[in-house]
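The following paragraphs lead through a structure, beginning with a strand pair and ending with a helix pair. Please keep the sequence and the model at hand while reading.

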Amino acid sequence: MDLTNPMNALNGAKKNSICRYFASDGICFYGSDCQFWHNNNTHHQNSHHNNNHNNNHSQHSHRPLNTSMSGSVGGQTSGAPTDGQHLPQESRLSTYMNGTNNYGYGTDSSLPAMDSQNPRTGRKAITSSNTHPSSGSAIGGQQQQTAQSLPPMASLAPNYFMTDAIRQELIRKLNVSQEMPSNEMYLELPQVVDVYQDLVPLEPSLVSPSTTFNDMTCSVMRATNSKTGQHYCLRRLHSFQPNSSNAKQMIASIESWKKLFHSNVVQLRQVFTTKAFGDNSLIFVYDYHSMANTLMSHYFSNSSNTSSSSNSMNGYSTSSRPYSQQQSQRKLLPEPLIWNFIIQISSALRAIHSSGLSCRALDPTKIIITSGSCSTSANNSQEYPRLRLSGCGVFDVLTNDSFLTTNNPKVLAQHFQQEDLLAFGKLCLVLSTNNISSAAQRDSWQTSLELISRSYSPDLRSLIYYLLSYNSNSGTTHTINDIMPMIGARFYTQLDSLYQRDDSLLEDLSKELDNGRVLRLLIKLGTINERPELQLDPNWSETGDRYLLKLFRDYLFHQFTDDGRPWLDLGHIVSNLNKLDVGSPEKICLVSRDEQNILIVSFAELKRCFESSLNELMI
Ligand SMILES: Nc1ncnc2c1ncn2[C@@H]1O[C@H](COP(=O)(O)OP(=O)(O)OP(=O)(O)O)[C@@H](O)[C@H]1O
């Protein structure tokens, strides 16, 4: 319906609605032909829009709107004065960049909501009905409050966006996952390996011998799957040809690893051989975790807990400095953090062992921290580092030779699982002493355990003692389940903190869901507004339903203050888009740029115009 077309105003009986086709001077476009009811007080509010107008329009009166004109939405009267002097701080200019003050749907109101800061449409006043829909619990309880009692802008901002820490972590991860290597590094790598392209090294040297995998030359790269666009982590074993005589057994173990899904294990996706690097390389394809850092480099890379002249044993570097000297410089990790690590790693081992597999690479260089690495504080349990075992399955291929074929696979699996538990004990020892060399020599274990008894609970000492006490000659076997009673109720604490984190992430997600919805609305509106032509009609976007949407666009974005400055308020934009989205019955006053046309229209009508215009575009 073209609301600006006078032909729409039919003569005859009055319709049972209030007229909204009045011009800025308060005179109805259709004069005495108007089919709608005119209320006596209309001139009053029009004078409120525009102070220069002559208010003497007795024969074209309209429904009184003065309450909402002065800033009330949803039946509340904040009574904001036209000069804005008494408006709450958060409703004034300069709010645009800081966040928002009034997202959300208005409550049902038959009165048009007027922007009280706009000289054309009145000033905007903040009311409790203008709240973000997703901020329900945060400010929902303030629904009955007036504008003046709303909290200041800065304290409201977090209610509308995801928490800053998560936002920053995600942005950093995204940036790192998009980084491309310097040209020099890129030259050494092939352009394509199987379906993987854009190879980026994840470690400084591409040809260093691995401390974990029997000094094999290994390199780790990020690559993009050319078919899906997803990033993966490729671990390359240089110049390695798997022993084909054991191919069946090797394939079986790779398949088992591919089927093992656990939140603390880096997922193995594929294993293949390639000549793309100019040799016979074996490639393990794992899930890629942007910004992953090894436990080794996070906790043991500084001078206080590792030595610059270190060598290595079982993947752990050993220090040349006297043990006592190292201890005096070292700050111990908080006990809850150590238990957190124990729960995560034991959970991964439990899943691995119950699949008949063994990790065999359980050392700090093969445990990666994939999130939450900024916090080691015991107080902030929700930010504990998230650990994942990486490099799983490599040893199954590396040692899949005569050693395996001459032994019973079941006996072997049990042997390697016991080795895993011993490696776990050593890992707990280095974490509890915060000394990477404390596990290297069996002789120093006793001293380390004494230190642990002095600094930590007896449970922690017992757990480490139990894991380290495995002796292959003793004939006794340990299982990962044995340590569950030692973890005890700490498990529930961890579970609770995970649930809490889950809740807060869901809350953040719902906020971003809202933001995504608003973005989609804006995209659709942008495709309608100012379209040069549609179906050979150059005036398509200027007429009919589109004209209303054009005025609505101006209402959203192009308002200005009394002194002619742009009125920028994110809250105004988002709250009105939300009202459009739900088709709220609340009415607003749209004014043409030349101020000759003033239309009062509900969001429900705008929504109908919006949908029909969009449908026209899609035909
Ligand atoms: N799945 C993964 N996603 C992202 N980064 C990873 C992944 N696995 C390993 N990395 C990163 O790759 C780098 C190299 O890992 P690697 O396991 O080779 O450690 P390393 O200390 O070099 O051990 P090694 O002595 O065996 O070479 C580390 O920075 C690690 O954080």
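In this predicted model, Ser371 stands opposite Arg386, a residue of β14. The two strands concerned are β13, residues 367-371, and β14; they run antiparallel and are joined by 4 bridges. In general, the strands of a sheet pair through backbone hydrogen bonds, in either a parallel or an antiparallel manner. Here the pair belongs to an open sheet of 3 strands, ordered β10-β13-β14, in which the pairing is antiparallel. Its edge strands are β10 and β14 (386-389), each of which pairs on one side only.

A second open sheet is built from 6 strands. Its order is β4-β5-β6-β7-β9-β8, and its pairing is likewise antiparallel. Which strands form its edges? They are β4 (192-193) and β8 (268-274), each pairing on one side only. Within this sheet, β6 pairs with β7 (residues 231-237) in the antiparallel sense, over 7 bridges. Along this pair, Val220 is found opposite Arg235 of β7.

Both sheets bear on the surroundings of the ligand. There are 24 residues around the ligand, and those that come nearest are Leu202, Ser210, Thr211, Cys233 and Ala292. Three elements give two or more residues each to this shell: β6 (218-225), β9 (281-287) and β10 (293-294). Of these, β6 and β9 are strands of the sheet of 6, whereas β10 is an edge strand of the sheet of 3. In character, the shell comprises 11 nonpolar, 10 polar and 3 charged residues.

Where does the ligand lie with respect to the domains? Domain 2 (183-287) gives residues to the shell, and domain 3 (293-497) does as well, so the ligand lies between the two.

The last feature to consider is a pair of helices. Two packed helices are described by the distance between their axes and by the angle between those axes. Helix α14 covers residues 445-455 and helix α15 covers residues 458-468. The axes of α14 and α15 come within 9 Å and cross at roughly 160 degrees. Because of this crossing angle, α14 is roughly antiparallel to α15. The crossing in which α14 passes α15 is right-handed.

Key: Residues numbered from 1 in each chain as written. Predicted model: local features only at pLDDT ≥ 70, side-chain atom pairs only at ≥ 80, totals over all residues. Near = placed C-beta within 6 Å. Nonpolar A, V, L, I, M, F, W, Y, C, P; charged D, E, K, R; others polar. Domains from an automatic or database assignment. Pairing = 2+ DSSP bridges. Axes fitted to C-alpha atoms, helices over the stretch in contact; angles between N-to-C directions. Parallel < 35°, antiparallel > 145°, perpendicular 65-115°, else oblique. Left-handed = near helix turned anticlockwise from the far one by under 90°.
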